[in-house]
Amino acid sequence: MAIAYRSATEIASIRRACQVVAETLELLRAAVVPGITTGHLDALAARSLKDHGATSNFKGYRPDPSMSPYPAVLCTSVNEQVVHGIPGRRTLHEGEIISLDMGAIVDGWHGDGAITVPVGHITPEAQRLLSVTQESLAMGIAAAQVGNHVSDIARAVQQFVEGAGFSVVRGVIGHGIGRALHEEPDVPNYVERGMRDPQLRAGMVICIEPMVSAGKPAIHELRDGWTLATVDRSLAAHFEHAVAITEHGPEILTQPA
């Protein structure tokens with residue numbers, strides 16, 4: 001699949017889907033309290049999509065025909081879980097952290113975003129993990145300038161995270177977005193030899209999403225076939241914005257209004 005370069009009208013359509021995501025994530029942020037279940041958060045996300053006239057691009061998604069379809073509209077990844085945690089009966093407890101990742105489709109255009117939030121009061125080190133991960137996203141977005149390359153985004157994220165003493169999770173990356181949830185180009189959070197490194201041009205729309213571990217970068221898949229967690233069970237955080245590359249600089253499409 002070739003990289004798509006979107007017109008201003010098409011970016012406006014993507015923005016509408018992204019704003020549904022942004023508003024829903026803010027709703028969920030406020031709902032995260034000790035005692036709530038991840039399944040209840042998923043139900044809130046599903047109701048928000050319906051209220052906005054949007055549909056989910058997560059529920060039923062499967063990147064590989066051998067995989068079972070993803071069963072929810074929201075990914076709820078708790079503590080050492082990095083991404084793709086399946087919501088259900090799990091009750092959240094004081095001191096935990098949870099990543100909330102979701103997408104929306106509006107008029108055939110896709111949005112995608114993620115935040116990680118505390119459950120009640122958390123330790124200073126957990127709060128530092130959240131702050132560093134969110135700031136690394138800002139660093140990656142700042143590097144998303146016309147004429148730069150994807151590697152400039154990856155390098156900005158990686159250097160900031162590792163400079164803070166944390167690890168960039170390996171094996172999961174950002175992506176292009178538009179008519180599909182996942183489009184070209186791949187947008188890694190780390191630089192590695194032989195990576196594809198397209199130049200950033202106006203009209204590209206990408207999702208930048210640092211996933212950061214407080215310990216080592218290795219992850220593994222849990223028995224549910226979806227959830228990815230740190231091997232050493234260290235805490236992990238995840239933040240994501242959809243970003244349009246423009247001649248005037250990056251525009252965050254999932255920024256809450």
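**Exercise 1. Put the strands of the open sheet in order and say how they pair.**

Start with the order: five strands make an open sheet that reads β7-β6-β8-β13-β14, with antiparallel pairing. Next, look at the edges: β7 and β14 (251-252) each have a single partner strand, so one side of each is left without a neighbour in the sheet. A quick word on terms: strands (E, at least two residues) and helices (H or I, at least four) are DSSP runs, numbered from the N terminus. Two strands pair if DSSP finds at least two bridges between them.

Before going on, note that this is a predicted model, where local features need pLDDT of at least 70 and side-chain atom pairs count only at pLDDT 80 or more, while totals for chains, interfaces and linings use all residues. Residues are numbered from 1 along each chain as its sequence is written, and side-chain values use heavy atoms, with hydrogens and water left out.

**Exercise 2. Follow β8 (residues 205-208) and find its bridge partners on the way to β14.**

Step one: β6 and β8 run antiparallel and are joined by 2 bridges. Here His 175 has Cys 207 of β8 as its bridge partner.

Step two: on to β13 (residues 241-244), which pairs with β8 in the antiparallel sense over 4 bridges. Ile 206 stands opposite Val 243 in this strand.

Step three: β13 and β14 pair, again antiparallel, over 2 bridges, and Ala 244 has Glu 251 of β14 as its bridge partner.

Step four: check the side chains of β8. Val 205 and Cys 207 point one way, Ile 206 and Ile 208 the other way, and all are buried (under 20% relative accessible area with a 1.4 Å probe, protein chains only; exposed is over 50%, partly exposed in between).

**Exercise 3. Work out why β3 (residues 97-106) is largely enclosed.**

Count first: 10 of the 10 residues of β3 are buried, so the strand is largely enclosed by the rest of the structure. Then split them by direction: Ile 97, Ser 99, Asp 101, Gly 103 and Ile 105 point one way, and Ile 98, Leu 100, Met 102, Ala 104 and Val 106 the other.

Now the neighbours. Strand β1 (residues 74-78) runs antiparallel to β3 with 5 bridges, and Cys 75 is partnered with Asp 101. With β4, β3 pairs in the antiparallel sense over 10 bridges; Leu 100 stands opposite Ile 115 there. The hairpin of β3 and β4 has 2 residues between the strands, and Asp 107 takes a positive phi near 55 degrees in it.

**Exercise 4. Describe the largest pocket.**

Begin with volume: about 560 Å³. A pocket, on a 1 Å grid over the protein atoms alone, is an open set of points where a 1.4 Å probe fits, with protein on both sides within 12 Å along at least five of seven lines; lining residues have an atom within 4 Å of a point. Grid points are joined across faces, edges and corners, and the volume is the space filled by probe spheres set on them.

Then the lining: of 27 residues, Tyr 61, His 84, Ile 173, His 175 and His 182 are the closest to the centre. The elements giving two or more residues are β6 (174-176) and β7 (183-187). Finish with classes: 13 nonpolar, 6 polar and 8 charged (Ala, Val, Leu, Ile, Met, Phe, Trp, Tyr, Cys and Pro count as nonpolar, Asp, Glu, Lys and Arg as charged, the others, Gly among them, as polar).
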